[in-house]
Every structure is written in structure tokens, then in C-alpha cells.
Amino acid sequence: MDSRAGKSNWLLLAPLYLFTILFVALPILYMFLLSVLTRSQVWGVEFDFTLDHYKRILEPLYLNTFLESFRLAFLSTGLVMLIGYPYGYFMARMNAVWKKRMMLLLMIPFWTSALIRLYGWIIVFRSNGVLDQVLMGLHVTGKPLKLLYTYPAVVVGMVYALLPFMILAVYSSAEKMDWTLVEAARDLGASSFRAFLTVTFKLTLPGLLSGIILTFIPSMGLFFIADILGGNKIVLVGSVIQEQLTKGRNQPFAAALSAVLMILTVLMIRLYRKITGTSRLEGLV
């Protein structure tokens, strides 16, 4: 009977394993293999193993690109965290009707293409656009501002694109929280702020860290946001990868850049698991 159940479970999991091998493991292995091959003189690659592509990443030009990507990622993630955490937290405290309404507001933007929504920001930020008209109408500014194709415009685009992921992660964590623990802390004499720090924030920390993972890593590769709102003035790692694949036709170097991003992603996830595992253990002690 046990052998039949084991065989049945294996048959149920076989499609998942097959999908993971074909569409996750093999592409990653191919990317790492391609990153150590030599670019052909005309097109494609030659099977001569080299680490020159990884050494090339250490050149000042590409190191500055990584640093700029990290800078934008940290800034965008920080703003997303400041906005998304309160939103997700208070949405979890609402009644069922308002939860559905707030969730609907989050889902509506996903019904349209991300590119269309970003082009909508061009209408807002362009000279004499919506924002300029509002500010001049309120007599805040006396002349149009040149906000389009600037660094702040790219930051706003990043925050706008990644904010729902932070909100949903925090909401999912806060929704499962046992609110009686907060009431117990208050009954024991803790102030509202102290109860929030010692109980609420600690229990919602996994959701916050999940939101950071979901926003920090993609923000380094969303090159189309920097291209549309930054006017190619801000170059991210994703922009370099796209340029190497389309214009430079240097697939091994693009694969090396992608491999480095993949390694950074794994390190971030391992850090997240370590922090959340530690926090849970501390909560049990």
C-alpha cells in the first residue's frame, strides 16, 4: 500500500520536476556555460573556455554601472518600504469590505501593460504636463519644471512599478498575525509604539523582507523604466545586458553579467532566510 502511495506521489510530482529541469535548471546551466565561452568573430560562440568576461566586469565602466544600479535599487527599495509597509499593515487591519476595495485598487494597474502605464508618467512629467499645470495653478512654481528624463523621474517610475509587490508581501504577513499578542503587550503596560516594535514589527518582518527581495533585485534589471523615463541617461546592469545582446552581439559577456546578477539574487535570498529563521527562533525563545 505504501509503495503504491509513493508511486502515486512520484507521478504527481513528475510534471513539476520536469518543468523545473527544462525551464529553470537547464537555462541557468546554459547561461553559466555561455559566460565562460569565447565570442566568435562573426556570430555565436566558440568552445574555448575563458574567464575574461568576468574580469571585464571589474573594469571601472561596468563597476560604476553596478554601483549605479545598486544606488538606484537601494533608493527605490527604501521608498517602496516607507510607502508600502504602512499601506499593507493598515490594509490588513481593515474590515473585509475595505480589504476588497483596497486590493482592487492594487490589481487595477496590472490590467494594463506596464509600458502603457510608464508612458502615462511621461504625460505627467513632461514640460507643461499635468504636474507642471497643477504646480503652476497652485502658484508653487512660476515656470515649467524639467522633470522628464531625470533621475527623480526614474525613481518615481521604479517605486510605482514595484510598490504593489511590497504592499502584498506586508499585507500577507500582517493578515496572518495574531493580534491578541498586541493586546497582551498593551495589557502588560507596553505603549502603542513599544508594542508595535516588539510584537507587530517583529511578526511582520518576514513579509517586509520578502517585499525587499521582490523589489531590490528587479530594480537593478528594469532597464526599460530607466530608458523611458530617464532618456538613456541612467544606465543599469539590465541596460548593459540588453545592449550586449542586441547591438554588441556579445552573448558570453551578457551571460556573465546575468550570472553575477543571479549570484547576487541567491545571496539576497540566503540572507533573507537567515534573518527570518533567526527572528522566528528569537520569537520562540
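Visitor: Where is Ile-241 found?

Guide: Happy to start there: in this predicted model, Ile-241 is found in helix α11.

Visitor: What makes Ile-241 count as buried?

Guide: Its relative accessibility is 12%, and buried means under 20%, so Ile-241 counts as buried. Not counting residues up to four places away in sequence, Ile-241 touches Ala-254, Leu-257, Ser-258 and Leu-261. The C-alpha atoms of Ile-241 and Phe-223 are separated by 9.3 Å, with their positions 18 residues apart along the chain.

Visitor: Why is Ser-239 called buried?

Guide: The reasoning is alike: the relative accessible area of Ser-239 is 9%, the cut-off for buried is under 20%, and therefore Ser-239 is buried. Ser-239 has its place in helix α11. Leaving out residues up to four places away in sequence, Ser-239 touches Phe-223 and Asp-227.

Visitor: Why does Ser-40 count as buried?

Guide: Ser-40 sits in the loop between β1 (38-39) and β2 (45-46). Its relative accessibility is 15%, and with buried meaning under 20%, Ser-40 therefore counts as buried. Not counting residues up to four places away in sequence, Ser-40 touches Val-45 and Glu-46.

Visitor: What makes Tyr-30 exposed?

Guide: Here the other cut-off matters. Exposed means over 50%, and Tyr-30 has a relative accessible area of 52%, so Tyr-30 is exposed. Tyr-30 lies in helix α1 (residues 2-35). The C-alpha atoms of Tyr-30 and Ala-255 are separated by 9.0 Å, although these residues are 225 residues apart along the chain.

Visitor: Back to α11 for a moment. Why is α3 called oblique to α11?

Guide: The axes of helix α3 (residues 60-93) and helix α11 (residues 237-246) come within 8 Å and cross at roughly 135 degrees. Roughly antiparallel needs an angle over 145, roughly perpendicular covers 65 to 115, and roughly parallel is under 35. The crossing angle falls in none of those ranges, which makes α3 oblique to α11. On the α3 side the contact is made by Tyr-62, Thr-65, Phe-66 and Ser-69, and on the α11 side by Val-237, Val-240 and Gln-244. By class, this contact has four nonpolar, three polar and no charged residues.

Visitor: How do you know that α4 and α7 are roughly antiparallel?

Guide: Helix α4 (residues 96-107) and helix α7 (residues 151-175) pack at an angle of about 155 degrees, with their axes 11 Å apart. Angles over 145 count as roughly antiparallel, and therefore α4 and α7 are roughly antiparallel to each other. As for handedness, α4 passes α7 in a left-handed crossing. Lys-99, Met-103, Leu-106 and Met-107 in α4 meet Pro-164, Ile-167, Leu-168, Tyr-171 and Glu-175 in α7. The residues of this contact divide into seven nonpolar, no polar and two charged.

Visitor: What makes α7 roughly antiparallel to α9?

Guide: The axes of α7 and helix α9 (residues 192-219) come within 8 Å and cross at roughly 160 degrees. With over 145 as the cut-off, that makes α7 roughly antiparallel to α9. The crossing of α7 and α9 is right-handed. Residues in this contact include Met-158, Leu-162 and Phe-165 of α7, and Leu-203, Gly-207 and Ile-212 of α9. By class, the contact of α7 with α9 has twelve nonpolar, seven polar and no charged residues.

Visitor: What is the phi of Asn-128, and why does Asn-128 count as partly exposed?

Guide: Phi of Asn-128 is near 65 degrees, a positive value in a residue other than glycine. Most residues other than glycine have a negative phi. Asn-128 is found in the loop between α5 (114-125) and α6 (130-137). Its relative accessibility is 45%; buried is under 20% and exposed is over 50%, so Asn-128 counts as partly exposed.

Visitor: How do you know that His-139 counts as exposed?

Guide: The relative accessibility of His-139 is 71%, and exposed means over 50%, so His-139 counts as exposed. His-139 is found in the loop between α6 and α7, and its phi is near 60 degrees, again a positive value in a residue other than glycine.

Visitor: What is the mean pLDDT of the chain?

Guide: The mean pLDDT is 85, and 93% of the residues reach 70 or more. Over residues 278-285 the pLDDT is below 50, and this stretch has five contacts in the model beyond near neighbours in sequence.

Note on methods
Residues are numbered from 1 along each chain as its sequence is written. This is a predicted model: local features need pLDDT of at least 70, side-chain atom pairs count only at pLDDT 80 or more; totals for chains, interfaces and linings use all residues. Side-chain values use heavy atoms; hydrogens and water are left out. pLDDT is the predictor's confidence in each residue, from 0 to 100. Contact means heavy atoms within 4.5 Å. Axes are lines fitted to C-alpha atoms, for helices over the stretch in contact, and angles run from 0 to 180 degrees between N-to-C directions. Helices (H or I, at least four residues) and strands (E, at least two) are DSSP runs, numbered from the N terminus. A crossing is left-handed if the near helix is turned anticlockwise from the far one by less than a right angle, and right-handed if clockwise. Ala, Val, Leu, Ile, Met, Phe, Trp, Tyr, Cys and Pro count as nonpolar, Asp, Glu, Lys and Arg as charged, and the others, Gly among them, as polar. Buried means under 20% relative accessible area, exposed over 50%, partly exposed in between (1.4 Å probe, protein chains only).
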